[in-house]
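These are my notebook entries from a first reading of the entry below. I wrote them for someone who has not yet looked at it.

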Amino acid sequence: MVQSSKFLSLNLPPNWAASLPFGRRTTPSALESVERASASDCLFSGLKAIVSDFQIIFERDPAARNWLEVLLCYPGFHSLTLHRFAHWLHHLRLPVLPRFIAHVGRFLTGIEIHPGAAIGQGVFIDHGMGVVIGETAIVGDYALIYQGATLGGTGKESGKRHPTLGNHVVVGAGAKVLGNIEIGDCVRIGAGSIVLRDVPSDCTVVGVPGRNLCRTKTPFCPLDHNQMPDAEASAIRMLLERIEHLERQLQTLTPPASQSHDTHTPH
């Protein structure tokens, strides 16, 4: 969305929009200036995000030893760099070329990101093979996405049809987040989960379909995958505790077998 200050800097007449017939632009130079201003902002933010993407790798991956290794051997960084250039061209409404760049990136890295997807800064796609991010998906800052994850759509509806991820979200390996849903900040999505509904901030989601198992605002390390809760084990544990409680109650209500036999024995 273009800010109002950018329109004011063009010195347009007050009724310029009313003079435009449907489907036609009578002041192309003014509108193209607005688009160029917005595109320049998109390019600047993209370059800034690339630097942040490069720096976050050293924080998130203990195997990253030097800058040359990261530049040459990290497909997630390569894919995001190509995407930011393709996204800038997509913002300029150029045909074919943005999709072709995305296709080349998919061929080289195994990661498919549509040029229309909006991705924040400091995003780390670890390993990355098989990651798919749809056209209208939005990924917040400092997200961590593992291999095989999908941010996809459902159905053939037009418009916003892909998920929106908040900041500091972790998407586990093979997880599927489908549809126009919102994932809050600091959410962890377990490996192999399928998320079909909105998830509040500071939650953990696991299972098929994804279930919200806990809500906590305590800080967590995005690399601590062993801290994910086990939904099935928790449910079985609760059932066993309930059965033991009912058995204890039944023992207090039922008389011993010897007393019951003495009561019914004739004299």
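**Entry 1, surface and burial.** I began with the accessible surface of the protein chain, which comes to about 16,400 Å², and I noted that 60% of that surface belongs to carbon and sulfur atoms. The model is a predicted one, and I kept that in mind for every value in these notes. The chain has 267 residues, of which 35% count as buried. I then looked up the contacts between residues at least 6 apart in sequence, and found that 37% of them join residues at least 24 apart.

**Entry 2, confidence.** The mean pLDDT of the protein chain is 79, and 73% of its residues reach 70 or more. Over residues 1-10 the pLDDT is below 50, and in the model this stretch has 12 contacts beyond near neighbours in sequence. Residues 16-35 also stay under 50 in pLDDT, and for them I found 19 contacts beyond four places in sequence.

**Entry 3, secondary structure and a patch.** I listed seven helices and 15 strands for the protein chain. Which residues make the nonpolar surface patch of about 510 Å²? I found Phe58, Trp67, Leu68, Leu71 and Leu72 there, and helix 3, which covers residues 67-73, gives the most to this patch, with four residues. I looked more carefully at Leu68, which is found in helix 3 and is partly exposed, with a relative accessible area of 42%.

**Entry 4, the sheet of five strands.** I traced an open sheet whose five strands have the order 1-4-7-10-13, with parallel pairing. Strand 1 (112-113) and strand 13 (194-195) stand at its edges, and each has a single partner strand, so one side of each is left without a neighbour in the sheet. Within this sheet I followed strand 7 (residues 150-152) and strand 10 (residues 176-178), which pair in the parallel sense over three bridges; Leu151 has Val177 in strand 10 as its bridge partner.

**Entry 5, a contact across the sequence.** I turned next to Ala173, which is found in the loop between strand 9 and strand 10 and is partly exposed, with a relative accessible area of 27%. Which residues does Ala173 touch, not counting those up to four places away in sequence? I found Tyr146, Gln147, Ala191 and Gly192. For Tyr146 I also looked up the separation from Ala173: the two are 27 residues apart in sequence, yet 4.7 Å apart in space, C-alpha to C-alpha.

**Entry 6, the sheet of four strands.** I traced another open sheet, of four strands in the order 2-5-8-11, again with parallel pairing. Its edges are held by strand 2 (118-119) and strand 11 (182-183), each with a single partner strand, so one side of each is left without a neighbour in the sheet. Strand 2 is joined to strand 5 (residues 138-139) by two bridges, and the two run parallel; the bridge partner of Ile119 in strand 5 is Val139.

**Entry 7, strand 14 and what follows.** Are the faces of strand 14 (residues 203-206) covered or uncovered? I found both of them covered, with Cys203 and Val205 on one side, Thr204 and Val206 on the other, and all of these residues buried. Strand 12 (residues 188-189) is joined to strand 14 by two bridges, and these strands run parallel; Ile189 stands opposite Val205 in strand 14. After this I looked up the peptide bond from Val208 to Pro209, which is cis, with omega near -5 degrees, and I placed Pro209 in the loop between strand 14 and strand 15 (211-215).

**Entry 8, positive phi values.** I closed with backbone angles, where Val96 has a phi near 65 degrees, a positive value in a residue other than glycine. Val96 is found in the loop between helix 4 (75-91) and helix 5 (97-109), and because its relative accessible area is 66%, over the 50% cut-off, Val96 counts as exposed. His168 likewise has a positive phi, of about 60 degrees, although it is not a glycine. The place of His168 is in the loop between strand 8 (164-165) and strand 9 (170-171), and at 38% relative accessibility His168 counts as partly exposed.

Notes. Residues numbered from 1 in each chain as written. Predicted model: local features only at pLDDT ≥ 70, side-chain atom pairs only at ≥ 80, totals over all residues. Heavy atoms only, no water. pLDDT = per-residue confidence, 0-100. Contact = heavy atoms within 4.5 Å. Patch = residues over 30% accessible without salt bridge, like charges linked within 9 Å, V, L, I, M, F, W, Y side chains within 5 Å. Areas by Shrake-Rupley, 256 points an atom, 1.4 Å probe, with all protein chains shown as cover. Salt bridge = Lys/Arg side-chain N within 4 Å of Asp/Glu carboxyl O. Buried < 20%, exposed > 50% of the residue type's maximum accessible area, 1.4 Å probe, protein only. Pairing = 2+ DSSP bridges.
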